[in-house]
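Reader: I would like to learn how to read packing, pairing and burial from a model. Please take the features one at a time.

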Amino acid sequence: MPLITEAPESARRHALVIGTATYLAGWDDIGQGVRTEMAAAKRLCLQFLSYQSKTFAEIHDPDSTLSKEVAVWRANISPGPDDWILVYYTGHGVERGGALHLITRDVPTNMVEAAPTAQTLVSALLGGDKMPGHVLLVLDTCYSATAQFDAMGQATRLREAAGGRARGADFHLITTTRSVETAVVGHFMQALSDVITNGRAAGAGEEFVQLSTAIERVNQLLSQRGGQRASYSGAGETALRFLPNPGWVPTLRLNMGREERRRVLYSIQAHALRAHWDPRARGVSTERDPGWFFTGRGNAMRHLIRWTTAGVGGLIVKGRPGSGKSAVLARLATLADPDQREAALKAGALDDISEDEIPPLNVIDAAIHARAKDPARIALEIGTALNLELSGTDAEVATANALAARPERTVLLIDALDEAINPNDVALFLRSLLQGAINLVLIVGLRESGERSGQLTERLGRRFDPIDLDGAQWREPNDMVRYVERYLRATPDSTYADMEPDPLSTLADAIALRAGTSFLVASATAHALAARATIVDPAKLKMPASVGEAFELDLTRFTGTAGKQLRQILTALACGEGRGLPAPEWIAIARALSDGDTTAADIDRWINDAGFYIVADSEFQTPVRRLYHEEFATYLRGDTNPQCEADVATALVSCMPGPDWNAASSYVLAYYPKHLWRAARARELSELASSTAWAKAKRERFEDPTLILSDLDLAIDIARRAQPPDLQTIIRACMIHVGFVTTAPPIVIDVLAGVGQLTRAELMAEAIQFPLDRCQAFSFLAARYAKAGQYGRSHACVRAAEQAARCIHGGFQSLAFYWVLRAARAIGQAEPERRIRDAVHLTLGELAEAFVKGEASDQLPTGIMTREAAAKVWGPQTGRLDTKFILPHWLFWAAMCLRELADADGLVRIRDNSQGVTAVRK
């Protein structure tokens, strides 16, 4: 199966931007504003809304034949029924006789009637033999609402005239002012750009921005700057796709429609190929780097290929940072893909490779880059890539069941397990897949980084065999040397391109010897030397043995102010969270670290001159950049101190256009608390995490309340580490936690624990006052801790659950005992079983004495215990309950407990009590 499944049929988007900036004498000069608006519209369409650059056009300073120019453009693009056309007009507009006249460069002030009207523009767009399927016209002029009635009417008439061939076509109109109102140049386009790019009009789960919502948000911004008000009108039979949401996070869900599922999966896979599989397979740092430098690793490749074709169970591929683990796995995945194999053949990258190092085509059924993905997302990506039938409400269970029923051999490749969200839970999920699917082969890559990687290996289970790429059997003597030679010779403009083989080999030997098993150190060193103007003598230069040393060697190319600035700019990038920093935040942090002495031009310069270290990516559908390997970021962050981190946090807030958190970028909303946490700014973090305005903005933007709870976790962490601990902050944060889940605390606690948030879940359980909820919550937690291998915490949770159960009186007591019993049995804890059996039998004995056959009180029907009798068994507070419910409920759950314990005598006693109740009622 290819790395990218079949691409969905993408809708074509075409944009036309028209502006009149030059006028005859007598008209107000708005030229500069119009040109600025046109530039902003072009940027919005091409950079953020995915309109096609090939068909994008601008008409500057049209004359009164404007409609002809528009008609020619429309005819040239030959729009189809699923094409989406956006036309933006800006300039002077004048109302005459109820019509909006668009003043062009050749219209005098005393001949407004000679100007083209909005109606003629509509005719130019919708006329002709081939009516476009979807058209949006934006009129950014004074009095533009005048066009609403006539323009919409003209569109309707043209559609009706076209008959059946125009069925399903729709037309939409946005006007930026009222019919009696003048426009302020620049206000609408600035507001629209802000609304679209900052996620004000759509959440992360919405693929497209709806026009009505966008205009509503635009008007909110316009109202802050005056009285201008935009309007929208239009209708259609299909969901509107004029405005792709730049903040859309492609996310698979259960029960998605087929077409939507294909679009989302394609977006996810295309990103993984571009940002991970392709550059790693070629042995380069970023997708834009040319060349194919991967060499060697023949033993590892042959072993992996054998595993894909004849292996059984799971294989763990691990290695220290920079060992080339991802490169080997990416090599396997890309060479198994038909398109990527063809690209490698054309590049000559396989000319000297033996056939047994090349995998069979389509031997990998699905390849998943696990970075920043949780178990549910990974499960859905697997299920969708394999075209499994998934049903139910639990993605992991649905995928596991569907995969277990799949009869054919299935090979899955999962890289960067250690970079996943909740990697322990991902490991357990993969383990469950392997246990349930007998035809499944799993290859998992993870970074060897001490205790954590050992835990992940343990979580994956015994059916996984590990190989360590740092081991001698997987390294061939000349692998590193050949890699360095190829890198030095093939890098564009390399000083070593024409070097004789023997001295080049000597230099490569020196680099490889110091690099040890780290291809990262070797590549960074080779890059530093290839970029120098002169050839170095390996006998006179001590080669780097670490990432930091290689980085410092490269920085010696940039001396004085330039070198200092480069370090500051890359350090700013190292401070980023998530997938990377958007441009505004990167510039702001760089300025904070350089006392304000950094410009956008400086950033652009170093993107070009130091591009080896910088990866382009996207998050929240916004372009971001980060250092291409975490080891570089770790090294640079080592130079920062708490004051630097505080400066970074302050810089992020400076990016906001105002104090309203709704105006913050998605990066700031997502990661500002993490920066406060790094800066140890406990008070600000506590206030932020407990702010209603912050929580509202974050919830509306991301539609995920767990992100808000993550902020509370950070506040709690700082408060707990304070000396002495900040109890006030801890208590306040816990109360807010509980406030998010007041409808069903135990269930939500179990959900949070199930996604790896065990500490948070236990804090919430500790905050529960109601004994029944507390008992259930700790019972759930006991099982979750056991699943995670934390048996000490699991036993502690069983004890807490049992303590809560003994505080419960009445018919719910046996229900609580049942929860405790199930939790205790799940972890093999025998003592609670004995205590619960004794407690149930004790109560059964008391019931035999207290049950009153045939007696009734004024409040209770015959056959039910009196309040006095109930109080004798369960305590005086039971008298406040409806005792008609107490006994049957208690007996039912007591029976469930005794059935779990296989206590036949106890079940007989319960049967006798139940028969007594029934007989009396009759």
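Reader: At what angle do helix H19 and helix H22 pack, and how far apart are their axes?

Author: This is a predicted model, and what follows is computed from it. A helix pair is read from an angle and a distance between axes. Here H19, residues 560-574, and H22, residues 630-637, pack at about 110°, with their axes 9 Å apart. Angles of 65 to 115 degrees count as roughly perpendicular, so H19 is roughly perpendicular to H22. The crossing of H19 and H22 is left-handed.

Reader: Which residues in H19 and H22 meet?

Author: A packing angle is best read together with the side that each helix presents. From H19 come Arg-567, Leu-570, Thr-571 and Ala-574; from H22 come Ala-633, Leu-636 and Arg-637. Sorted by class, the contact of H19 with H22 has four nonpolar residues, two charged and one polar.

Reader: Take Leu-636: is this residue buried or exposed?

Author: Burial is read from relative accessible area, and under 20% counts as buried. Leu-636 has 0% relative accessibility, so it counts as buried. Leu-636 lies in H22. Apart from neighbours within four places in sequence, its contacts are Phe-551, Arg-567, Leu-570, Thr-571, Ala-574 and Leu-627.

Reader: How far apart are Leu-636 and Ala-572, in sequence and in space?

Author: The two separations are read side by side. Leu-636 and Ala-572 are 64 residues apart in sequence, while their C-alpha atoms are 9.0 Å apart in space.

Reader: What share of the contacts in the chain with a separation of 6 or more comes from residues 24 or more positions apart?

Author: Those residues account for 72% of such contacts. For the chain as a whole, buried residues make up 56% of the 922 residues, and the secondary structure comes to 37 helices and 17 strands.

Reader: In what order do the strands of the open sheet with five strands run, and which strands are at the edges?

Author: A sheet is read across its strands, from one edge to the other. The order is E12-E13-E14-E11-E15, and the pairing is parallel. The edge strands are E12, residues 366-369, and E15, residues 464-468, each of which pairs on one side only. From one strand to the next, the twist averages 15°.

Reader: How many bridges join E11 to E15, and what lies across the strands?

Author: Pairing is read from bridges, and then from what lies across the strands. Strand E11, residues 313-319, runs parallel to E15 and is joined to it by five bridges. Gly-314 stands opposite Phe-464 in E15. Helix H8, residues 298-310, lies across E11, E13, E14 and E15, and runs at about 160° to E11.

Reader: How do E4 and E5 run, parallel or antiparallel?

Author: Strand E4, residues 93-96, and strand E5, residues 99-102, run antiparallel and are joined by four bridges. Gly-93 stands opposite Leu-102 in E5. For a hairpin, one reads the turn after the strands. Two residues sit between E4 and E5, and Gly-97 takes a positive phi near 60° in this hairpin.

Reader: Where is Ser-814 found, and what does this residue touch?

Author: The reading used for Leu-636 can be repeated here. Ser-814 is found in helix H33, residues 813-826. Its relative accessible area is 0%, so Ser-814 is buried. Not counting residues up to four places away in sequence, Ser-814 touches His-889, Trp-890, Trp-893, Ala-894 and Cys-897.

Terms used. Residues numbered from 1 in each chain as written. Predicted model: local features only at pLDDT ≥ 70, side-chain atom pairs only at ≥ 80, totals over all residues. Heavy atoms only, no water. Axes fitted to C-alpha atoms, helices over the stretch in contact; angles between N-to-C directions. Parallel < 35°, antiparallel > 145°, perpendicular 65-115°, else oblique. Left-handed = near helix turned anticlockwise from the far one by under 90°. Contact = heavy atoms within 4.5 Å. Nonpolar A, V, L, I, M, F, W, Y, C, P; charged D, E, K, R; others polar. Pairing = 2+ DSSP bridges. Buried < 20%, exposed > 50% of the residue type's maximum accessible area, 1.4 Å probe, protein only.
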